[in-house]
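Trainee: Could you take a close look with me at one part of this model, the charged side-chain pairs? I'd like to go through them one by one.

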Amino acid sequence: MPATITYRGQTLPARPGQDLLGALLDAGADVAYLCMSGSCGTCRIRVTSGTDQLEPLTRGEQAHGCMSAEDRLACQAFITGTGKITLVQD
């Protein structure tokens, strides 16, 4: 069973092992990003539910000031579960 991401009112499919940015882009979502490697921080998002469906924060995320499971870089946050994830990007 795939995971699902709720983002800007849409429910999008995602699969375990995929990063959030890849899942959003595959579904055609309008998400801000630039480098896709965790260097720039442009893809910073807030996970409002489903943090337990993601791998823990990476060192790269922490270097960008992400200090909680809710504050992530979409290109570095990998899906581990098959549940629901809700995201917000300013």
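How many salt bridges does a search of the whole structure find?

Mentor: Keep in mind that this is a predicted model. The search turns up 3 salt bridges. Let's start with Glu61 and Arg72, whose side chains meet at 2.8 Å, N to O. Glu61 sits in helix H2 and Arg72 in strand S4, so this pair ties together parts 11 residues apart in sequence. Glu61 counts as buried because its relative accessible area is 0%, under the 20% cut-off. Arg72 is buried too, at 1%. Besides Arg72, the contacts of Glu61 include Pro56, Cys66, Leu73, Gln76 and Ala77.

Strand S4 comes up again in the next pair: Arg44 and Asp71 form a salt bridge at 2.6 Å, N to O. Here Arg44 belongs to strand S3 and Asp71 to strand S4, with their positions 27 residues apart in the chain. Asp71 is buried at 11%, whereas Arg44 is partly exposed at 33%. The two strands run antiparallel and are joined by 3 bridges, and Asp71 is the bridge partner of Arg46. In the open, mixed sheet, the order is S2-S1-S5-S3-S4, with S2 and S4 as the edge strands.

That leaves Arg8 and Asp30, with their closest N and O atoms 3.5 Å apart. Both lie in loops, Arg8 between strand S1 and S2, Asp30 between helix H1 and S3, 22 residues apart. Arg8 is partly exposed at 49% relative accessibility, while Asp30 is exposed at 59%.

Notes. Residues numbered from 1 in each chain as written. Predicted model: local features only at pLDDT ≥ 70, side-chain atom pairs only at ≥ 80, totals over all residues. Heavy atoms only, no water. Pairing = 2+ DSSP bridges. Helix = DSSP H or I, 4+ residues; strand = E, 2+ residues; numbered from the N terminus. Contact = heavy atoms within 4.5 Å. Salt bridge = Lys/Arg side-chain N within 4 Å of Asp/Glu carboxyl O. Buried < 20%, exposed > 50% of the residue type's maximum accessible area, 1.4 Å probe, protein only. Lists of a residue's contacts leave out its neighbours within four places in sequence.
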